[in-house]
Number of protein chains: 2
Amino acid sequence: MSANARILCPTLKQRLMTAEKAAELIPAGANVGMSGFTGAGYPKVVPGALAERIRKLNAREGSEPFRINVWTGASTAPELDGVLAEVDGIEMRLPFQSDPICRQRINNGTMDYVDLHLSEVSQYAWSGFLGKMDIALIEVAGIREDGSLIPSSSIGNNKTWIEQADKIILEVNSKQNIKLEGMHDVYYGTALPPDRKPIMLTDPADRIGEFYFECPPEKVIAVVESDAADRNSPFKASDETSQKIAQHILDFFEREIELGRLPKELLPIQSGVGNIPNAVLEGLDAGPFKNLTAFTEVIQDGMLKMLKSGTLSVASATAFSLSPEGIKEFDENIDLYRDKIILRQQDISNHPELARRLGIIAMNGMIECDIYGNVNSTHIMGTRMMNGIGGSGDFARNGYLSIFVSPSIAKDGAISSIVPMVSHVDHTEHDVKVIVTEQGLADLRGLSPRQRAREIINHCAHPDFRPALHDYFERALHSGRGMHTPHLLGEALSWHQRYEEEGQM
Amino acid sequence: MSANARILCPTLKQRLMTAEKAAELIPAGANVGMSGFTGAGYPKVVPGALAERIRKLNAREGSEPFRINVWTGASTAPELDGVLAEVDGIEMRLPFQSDPICRQRINNGTMDYVDLHLSEVSQYAWSGFLGKMDIALIEVAGIREDGSLIPSSSIGNNKTWIEQADKIILEVNSKQNIKLEGMHDVYYGTALPPDRKPIMLTDPADRIGEFYFECPPEKVIAVVESDAADRNSPFKASDETSQKIAQHILDFFEREIELGRLPKELLPIQSGVGNIPNAVLEGLDAGPFKNLTAFTEVIQDGMLKMLKSGTLSVASATAFSLSPEGIKEFDENIDLYRDKIILRQQDISNHPELARRLGIIAMNGMIECDIYGNVNSTHIMGTRMMNGIGGSGDFARNGYLSIFVSPSIAKDGAISSIVPMVSHVDHTEHDVKVIVTEQGLADLRGLSPRQRAREIINHCAHPDFRPALHDYFERALHSGRGMHTPHLLGEALSWHQRYEEEGQM
């Protein structure tokens, strides 16, 4: 079915134009809300046309630089972040990103990046903290006769962008499976305080909203056709390190069930994106678990398998993030998955109220943690942005269990993921309950900082770095300074400094 | 009315005994849940008797040290934390504390301290993360005929302790105003996931619970009479620095109202305890505001004044923290205050769901913040515990606005509250929206780290430290390292190190 055939609203059909024409409607300095979350459902042709326009404009002698501010759901893809960053077309970007060219600009100081909790972005926009949104650029799977929109492979902040923007540009992508229709749950009960009401969701399977986005046709200034696949990064088979980490987590779950601290169906799981989370999902699928639920941001390949096998009864998320094989599996068996997957806007998928009520088990990757349990999820050596905090803070703070995972070493052993003091803090000692590396698992619940240090060094640090960590801790303990959180201030960040100077911690 | 006359349940009257006898019922190694929150409603006689017993036992040659684990609501007073810490009777304590002897033991390594978010303590206890609670020691204002309990001047975690403990010791304090009866709202709708339901509270004035604690009489092993006042720290009149900070906040509120980003009744305010928050309350009371509401932890003197003047229509909290004059005012006009004050358990007063829904304006003190907006609320020079995180994290993360305040300098100018890198992080850059010192206010919403640095240095740092902060930032910016969050790792903590070594940052 062509994109054209998916535009059923006569008024909006009249606004069909080329990507180039649509890109001309975006003025310099605009705040643009774009669809897209972890490489799914982002606009695929207008950003490229805009980048080309910017490139030409900026090449003119004496011209003012043409830049826009880009607000998204989370990371997108080269066709959006990449092309715009390439031409230096982004003044400020928020929130989570993972594009290499974007990252380079953020870290060389030519792009401002605002790293917000994903659950808070729409509140920031609604309350005017970020200024006025000028234009929303949203990919949809179709436009219905009444002008309402069939969401695409992610929802992210689209509901908010459509409501907040003065003007809307729609990309209708015929590559998106039309059977996505009916899988979404767009909640229209949000409000700003003091008018907020309880969100009446008590189970990941609950539906509390609509299938479609409401969209006033008069705000739509352009409709553009596209026919391109989502980013669909290839799936990497899990390696031995990931499998070991997964096994530690599975053992932990089994012990918690034995102790009566987790039900045998666990609690709704949230899983970050990547190799290790996928290995954990694989492990859960191979294990004794049945009828688990997921209340998470992203549906990965591993979750499709679990839904098919019955390990998982339902998965609630805000986006897909599938490999090409995952997409194939999904498309071929969409009728099976339709009943078991619900896509929500990210202010609901990551909502503090729901994370707390449902009792999320949050599993997220980290860059490093220190011996006292503070976690760095975002910064390389304290200064360089990797991707962003994403939803990890939403789930770790308000969920039931927060588990942070990483291999114990990086760069062939030049870097220890366990350090005396993290070079940046995204999750404080108050929010981190469990640390896991391939070496083992540190259960920090109810421990004082000194107790945590021994637990983390002994169970999580790589043996090559363990003696140096013990040595740091013991010397700090006997330094005559405070012994609540013993530190040697002159050495606390020396591991990172050494790596910067000598290439080895 | 004597304490005896307040014990109306015949069964429980039979369990009356001295504090000494009751203290003998607490075994070594016990996990003891004690009432008490910011110096209100803590048990006043049994802890002293227990301390005396511990002193004698520990003086015996060859005896095993007698210690207990103390779980409270928040800080108590010398009669509890002080006497038990004095005799080295506390193995582990949680959460927030402010006792000087306790603090000394925490920092010299002879007491373990677990610093949890106040909203999470009861969840930790319920889910078994802390082990089994053996005994609850709870101050009440009276015992009703059916054995239910009239709560005292704080609720804190008492509902949870009474439910969780195998055995309960009650202190009936005749000094507590008996008219407290009916001011409490004890919510019995809590559950562990997956059985949690929405908390149907949409306004700080809403009542969703009971006046009394349910308490199975068979669990009560002792009832003890007491007749002693709460800690009631003297109220210090606000100084010029506090008044300046308050004025910056008031100006900010007025601007936000003008911009349509806050309603003219603001949103429910949460205010930390102390000099500066009291000055802000005074300022609000003197200003144009009417019908404000408070959804906070603690009712301070300033809030009584605001309730009386009509600036505040209702105050919801979990405890009082009044000066002797405040108590006098409260007792003399209790009929006026009864209708306007609601005391709740701390898992409700600080609940993420409610902080988010109501849109709390969170105002809390800090020890220091760095140029990128990370806040340290707990650690002196990175190693020594001051008090603890308290509820600041609950409100700052999930509320609508998080405001952190401090004078720009401490120790007569030897310490700058604005530093290149904080020596400990309790509130990350993602959670801090506004920083205020007497120098000015930095509005960090929607700013990248580099933009935040200029905002904080220019508006909040003391002029004596401003050049050195600019110098650090500029050199970091040109260091050739990452420019997202520019740092010089070898110098980032040098200000703290210099203070430790030379007594001056």
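In the predicted model, chain A exposes an accessible surface of about 16100 Å², and carbon and sulfur atoms contribute 50% of that area. Of the 505 residues in the chain, 65% are classed as buried. Chain A carries 50 positive and 68 negative charges, and the mean positions of the two sets lie 2 Å apart.

The secondary structure of chain A consists of 18 helices and 26 strands. The C-alpha trace of chain A extends over about 75 × 60 × 45 Å along its principal axes. The radius of gyration of chain A is 23 Å; because a compact globule of 505 residues would have a value near 23 Å, the chain agrees with that expectation. Among contacts in chain A with a separation of 6 or more, 73% are formed by residues 24 or more positions apart.

The relation between the two chains was examined next. In general, a rotation about an axis and a shift along it relate two copies of a chain. Here, a turn of 180° with a shift of 0.0 Å along the axis lays chain B on chain A, with an RMSD of 0.0 Å. The operation is therefore that of a two-fold axis. Within chain B, B:Glu353 has the C-alpha nearest the axis, at 2.1 Å from it. Both copies use the same surface, in that 100% of the contact residues of chain B recur in chain A.

Terms used. Residues are numbered from 1 along each chain as its sequence is written. Chains are lettered from A and ligands numbered from 1 in the order in which they are written. This is a predicted model: local features need pLDDT of at least 70, side-chain atom pairs count only at pLDDT 80 or more; totals for chains, interfaces and linings use all residues. Side-chain values use heavy atoms; hydrogens and water are left out. Helices (H or I, at least four residues) and strands (E, at least two) are DSSP runs, numbered from the N terminus. The radius of gyration is taken over C-alpha atoms; the globule rule is 2.2 Å times the number of residues to the power 0.38. Buried means under 20% relative accessible area, exposed over 50%, partly exposed in between (1.4 Å probe, protein chains only). Contact means heavy atoms within 4.5 Å. Accessible areas come from the Shrake-Rupley method with a 1.4 Å probe; for residues, only the protein chains shown count as cover. Lys and Arg count as positive and Asp and Glu as negative; His and the chain ends are not counted. The place of a charge is taken as NZ of Lys, CZ of Arg, CG of Asp or CD of Glu. Copies are superposed by least squares on the C-alpha atoms of residues with pLDDT of at least 70 in both.
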